[in-house]
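Me: I'm new to reading protein models, and I'd like a close look at a single part of this one. Could you walk me through the open sheet and what sits around it, and then show me how the rest connects?

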Amino acid sequence: MKIGIEAQRIFRKKKHGMDMVALELIRNLQQADTTNEYFIFVKPDEDSSVIKETHNFKIVPLKGGAYPLWEQVALPRAAEKYGCDILHCTSNTAPLFCKVPIVVTLHDIIYMESSAWSIITGKGSNYQKFGNIYRRIVVPAIMKKAKKIITVSDFEKKCIGDFFKMQSDNRLVTVYNGVSNYFKPVTDAAVLKAVKEKYKLPDEFFFFLGNTHPKKNTPGTLKAFSDFLKDTGSPVKLVMIDYDKAELEKILSEIGDPELIDKIVLTGYINNQDLPAIYSQCKLFLYPSLRESFGIPIIEAMASGAPVITSQTSSMPEVSGNAAVLVNPFETGEITEAMKGVYNSPLVREKLITSGLVQAAKFSWKAMAADVLDIYNEVARQQHLIKLQFSVYN
């Protein structure tokens with residue numbers, strides 16, 4: 001079987017959630033499957049060493065301009081050129097016109113749940129807004145033609161099933177994300193010191209992976225942290241990654257505490273390999289998002305030995321199990337109280353760390369890749385039966 005995998009963004013230097021999922025899928029399929037032939041379709045970029053070709057995995061760089069052109073024109077042409085039996089599109093969308101049977105990973109449908117007008121006028125970068133509008137156009141059509149639709153949690157599966165009225169459609173399946181093996185508690189003093197110096201980390205800090213997307217609840221988290229400092233007088237600081245300082249200052253003015261900037265450390269982009277050493281040094285990890293389809297940082301933090309505060313909404317209770325403090329993300333006072341409870345109690349911290357390590361161990365990229373490979377084989381069998389039936393009737 002010839003399998004094409006869309007991995008358009010995995011060569012870019014600053015990789016994010018969906019990029020890492022695609023990358024880990026490919027890496028683990030290389031370990032699990034030495035029989036089928038794979039074509040990894042990527043866009044040329046500077047981080048081309050993240051995966052290597054093997055005897056049955058060929059990397060195919062495709063030029064083609066902006067993402068929509070790349071996906072709608074260059075990708076289907078390449079899949080047909082290389083004779084793919086299946087094309088797996090890993091990042092929510094897929095070519096609308098493609099002769100190759102498609103499997104699509106639909107990480108979430110947040111962009112479908114909001115109105116088009118609210119997407120255009122609401123918060124978020126222009127890049128995020130354009131991406132959401134593009135998905136609103138493409139995803140409904142893809143849902144009708146995809147042979148299998150993979151999503152990442154039972155919560156998101158229900159959302160997709162309810163929205164597209166396909167609750168009983170066996171094309172829609174859940175395959176959990178995983179956590180990489182290098183996410184584990186870091187105890188090597190030299191490594192901890194090197195990472196601390198590299199990112200200018202303070203002695204005591206909370207870690208928050210906020211960004212400009214409204215679902216990340218950055219204003220609410222900053223307000224809760226501001227109140228935590230006022231209530232406790234603690235010297236702890238907040239570490240945030242890859243966040244624009246001007247945007248941050250704007251939010252701090254909106255929540256009425258511009259001076260909080262002095263208690264925040266902006267690290268810039270953090271290499272994924274350095275994250276375990278940061279999780280291992282933080283007093284707690286904050287992830288009080290409004291809405292997530294999975295929440296990979298939850299299990300990465302747990303696997304690295306960080307106590308976690310996350311939300312009681314969407315997929316987060318499903319992923320965190322009983323190993324995190326769950327809060328209502330719309331109530332900043334509740335987030336503040338959770339911070340106090342974890343920060344002030346070594347016993348609570350230790351309990352969260354211990355249970356977090358157990359919970360994170362339930363997720364692996366190896367298991368994810370095995371499930372996806374089963375899906376490829378199922379689709380191939382179905383296509384083979386269709387061809388047999390067609391030949392009989394003709």
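Reply: Let's begin with a helix and work our way into the sheet. Keep in mind that this is a predicted model. Helix 1, residues 17–32, lies across strand 1 (2–6), strand 2 (37–42), strand 3 and strand 4. Compare its direction with that of strand 3 and you get an angle of about 150°. Helix 2, made of residues 67–81, packs on the sheet too, and it touches strand 1, strand 2 and strand 4. The direction of helix 2 makes about 155° with that of strand 2.

Now for the sheet itself. It is an open sheet of seven strands, and the pairing is parallel. Read across it and the order is 3-2-1-4-5-6-7. Which strands are at the edges? Strand 3 (57–61) and strand 7 (172–174) are, and each of them pairs on one side only. The sheet also twists, by an average of 20° from one strand to the next. As background, strands of a sheet pair through backbone hydrogen bonds, either parallel or antiparallel.

Let's step along one half of that order, pair by pair. Strand 4 (residues 86–89) and strand 5 (residues 102–105) run parallel, and three bridges join them. If you want a spot to look for, find Cys89, which stands opposite Val104 in strand 5. Next, strand 5 pairs with strand 6, again in the parallel sense and over three bridges. Here Thr105 has Ile150 of strand 6 as its bridge partner. Then strand 6 pairs with strand 7, also parallel and over three bridges. In that pair, Ile149 has Leu172 in strand 7 as its bridge partner. To get from strand 6 to strand 7 the chain passes through helix 6, and this β-α-β crossover is right-handed.

Strand 6 deserves a pause. Is it buried or exposed on its two faces? Strand 6 covers residues 148–151, and both of its faces are covered. Lys148 and Ile150 are buried on one side, while Ile149 and Thr151 are buried on the other. Helix 6 (residues 154–163) has buried residues of its own: Glu156, Cys159, Ile160 and Gly161. Just after helix 6 comes Lys165, which takes a positive phi of about 55°.

You've now met a couple of cysteines, which brings up a good question: how many disulfides does a search of the whole structure find? The search finds zero. A disulfide is a covalent bond between the sulfur atoms of two cysteines. Take Cys98: its closest cysteine sulfur is the one in Cys89, and because the two are 7.2 Å apart, they are too far for a bond. The cut-off used for a disulfide is within 2.5 Å. Cys98 is buried, with a relative accessible area of 12%. Cys159, from helix 6, is buried as well, at 16%.

Further along the chain there's another set of parallel strands to follow. Strand 8 (residues 205–208) runs parallel to strand 9 (residues 237–240), and four bridges join them. Look for Phe205, which stands opposite Lys237 in strand 9. The chain crosses from strand 8 through helix 8 to strand 9, and that β-α-β crossover is right-handed. After that, strand 9 pairs in the parallel sense with strand 10 (residues 264–266), over three bridges. The bridge partner of Met240 in strand 10 is Leu266. Between strand 9 and strand 10 the chain goes through helix 9, in a β-α-β crossover that is right-handed.

Those two linking helices also pack on each other. Two packed helices are described by the angle between their axes and the distance between the axes. For helix 8 (residues 218–232) and helix 9 (residues 245–254), the angle is about 65° and the axes are 10 Å apart. Helix 8 passes helix 9 in a right-handed crossing. Where they meet, Thr218, Pro219 and Leu222 come from helix 8, and Leu248, Ile251 and Leu252 come from helix 9.

One last stop is Lys223, which is found in helix 8. Lys223 is partly exposed, with a relative accessible area of 28%. Leaving aside its neighbours within four places in sequence, Lys223 is in contact with Ile255 and Thr332. Lys223 and Thr332 are 109 residues apart along the chain, yet their C-alpha atoms are separated by 6.7 Å.

Note on methods: Residues are numbered from 1 along each chain as its sequence is written. This is a predicted model: local features need pLDDT of at least 70, side-chain atom pairs count only at pLDDT 80 or more; totals for chains, interfaces and linings use all residues. Side-chain values use heavy atoms; hydrogens and water are left out. Two strands pair if DSSP finds at least two bridges between them. Axes are lines fitted to C-alpha atoms, for helices over the stretch in contact, and angles run from 0 to 180 degrees between N-to-C directions. Contact means heavy atoms within 4.5 Å. Buried means under 20% relative accessible area, exposed over 50%, partly exposed in between (1.4 Å probe, protein chains only). A crossover is right-handed if, with the strands pointing away from the viewer, the path from the first strand over the helix to the second runs clockwise. A crossing is left-handed if the near helix is turned anticlockwise from the far one by less than a right angle, and right-handed if clockwise.
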